[in-house]
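This briefing concerns the structure shown below. Please read it alongside the sequence and the coordinates.

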Amino acid sequence: MDSLTLFCTGAVLAGGLYWFVCILGPAEQKGKRAVDLSGGSISSENVQDQYKQYWSFFRRPKEIETAEKVPDFVDTFYNLVTDIYEWGWGQSFHFSPAYPGKSHRDATRLHEEMAVDLIYVKPGDRILDAGCGVGGPMRAIAAHSRANVVGITINEYQVNRAKAHNKKAGLDSLCEVVCGNFLEMPFPDNSFDGAYSIEATCHAPKLEEVYAEIFRVMKPGSLYVSYEWVTTDKFNADDPEHVEVIQGIERGDALPGLRRYSDIAETARKVGFEVVKERDLAKPPSQPWWTRLKMGRLAYWRNHIVIIVLAALGIAPKGTVDVHEMLFKTADFLTRGGESGIFSPMHMILCRKPESPTST
């Protein structure tokens, strides 16, 4: 190797190091460093194979719709994407309306705090986070309300990440994380003073099943709020472009199938809930939620180059490039869904469990 090659190699490595440290931001801000990207609980040598297996689900749609298959499908997805989400997006794996003059982080926090304000919990109350991810919303809600938040996620890697974040934030006394399926939760009947889910129940094969389980563990008289992913009244199932966008969102976000906005309240009532309020938080006067995706396109390309380099050097697992490319394409489908108005990730429904629940 001649001196020019050595110099160029050193310059590339130095530039890459500067990129990681000074441009991409420290772990305290991003949640994860680029050099620590992994496949979650999947061993590095199996990431690419697991990605191919995840993608193969969409060639067998009947398996996606089978309830017993979906938890493994979703678990695989979050093993593949959790580190990338934390690195590129943050610790709250959801959207929020844009607030004039507010940063994305502040807008996210306000969106989370609104959820717990809607269910009127008091300090010391015990509430459920159904589908907590790595716990970004949990920590914001615990800090805001001083309630005791119990989160459940299907993914063991996310449990470990959430516990580490809780401890680092000094909120581990208020936040508990359980690994489990929110369709079969390991909690007694009537044991929570309230519950919420933020863009999580979309992963359930049947909304009725997860709503019924949340209903079971809530105390009579308590409130539940959910931000749901839905197709809106503008979606036309006979429009090929609309179908392409919705299917792109489903494939890139591990969804058994998006539901219509009109199905949400009907399902809640079916399991016994009283519907207190229902509103699409993405509609005006809310500012567009998808602007964050459009503004982040340069960052996506920058991050993709970084991942290609890391994978080539053997630092990131093989398959990480494919996963990031999938998420990049999904961001485009989400943007198109938002701009056209056929998709919303924040259809809000507020429900109450009756004081004397009727049999369901």
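The points below cover overall composition, selected helices and loops, salt bridges and a surface patch.

The model is predicted, so local features require pLDDT of at least 70 and side-chain atom pairs count only at pLDDT 80 or more, while totals for chains, interfaces and linings use all residues. Residues are numbered from 1 along each chain as its sequence is written, and side-chain values use heavy atoms, with hydrogens and water left out.

**Overall composition**

- The protein contains 14 helices and eight strands; helices (H or I, at least four residues) and strands (E, at least two) are DSSP runs, numbered from the N terminus.
- Of the 360 residues in the protein, 52% are buried. Buried denotes under 20% relative accessible area, exposed over 50%, and partly exposed the range in between, with a 1.4 Å probe and protein chains only.
- For contacts (heavy atoms within 4.5 Å) between residues at least 6 apart in sequence, 79% join residues at least 24 apart.
- The protein exposes about 16,400 Å², of which carbon and sulfur atoms supply 53%. Accessible areas come from the Shrake-Rupley method with a 1.4 Å probe, and for residues only the protein chains shown count as cover.

**Helix α6**

- Helix α6 comprises 15 residues (104-118), which at 1.5 Å a residue should span 21 Å; the end C-alpha atoms are 21 Å apart, in agreement. The expected span is 1.5 Å times one less than the number of residues in the helix.
- The buried residues of α6 are A107, T108, H111, E112, E113, A115, V116 and L118.
- Y120, which follows α6, has a positive phi, near 50°.

**Helix α3**

- Within helix α3 (residues 47-56), the buried residues are V47, Y51, Y54 and S56.
- These buried residues of α3 pack against three helices, namely α5 (70-88), α10 (240-252) and α14 (320-340).

**Salt bridges**

- The protein has a count of 11 salt bridges, where a salt bridge is a side-chain nitrogen of Lys or Arg within 4 Å of a carboxyl oxygen of Asp or Glu.
- Within α6, the side chains of E113 and R109 form a salt bridge at 3.3 Å, N to O. Because E113 and R109 are four residues apart in helix α6, about one helical turn separates them.
- E113 has a relative accessible area of 12% and is therefore buried, whereas R109, at 31% relative accessibility, is partly exposed.
- D189 pairs with R216 in a salt bridge whose closest N and O atoms are 2.7 Å apart. D189 lies in the loop between β3 and β4 and R216 in helix α9 (residues 207-217), so the pair ties together parts that are 27 residues apart in sequence.
- D189 is partly exposed at 48% relative accessibility, and R216 is partly exposed with a relative accessible area of 24%.
- In the salt bridge between R336 and E241, the closest N and O atoms are 3.9 Å apart. This pair links distant parts of the chain, with R336 in helix α14 and E241 in helix α10, 95 residues apart.
- R336 has a relative accessible area of 23% and counts as partly exposed; E241 is partly exposed with a relative accessible area of 49%.
- D106, R109 and E113 are joined into one network by salt bridges that share partners.

**Loop residues**

- L183 is located in the loop between β3 (175-179) and β4 (192-198), and its relative accessibility of 15% places L183 among the buried residues.
- Not counting residues up to four places away in sequence, L183 touches A204, P205, E209, V210 and E213.
- The C-alpha atoms of L183 and A212 are 8.5 Å apart in space, although the two residues are 29 residues apart in sequence.
- G90 occupies the loop between α5 and α6 and is buried at 12% relative accessibility.
- A C-alpha separation of 9.7 Å lies between G90 and V134, which are 44 residues apart along the chain.

**Nonpolar surface patch**

- V35, I305, V309, L313 and I315 make a nonpolar surface patch of about 400 Å². Patches are made of residues with over 30% relative accessible area and no salt bridge, with like charges joined within 9 Å and nonpolar side chains (Val, Leu, Ile, Met, Phe, Trp, Tyr) within 5 Å.
- One of the patch residues, L313, is in the loop between α13 (297-312) and α14.
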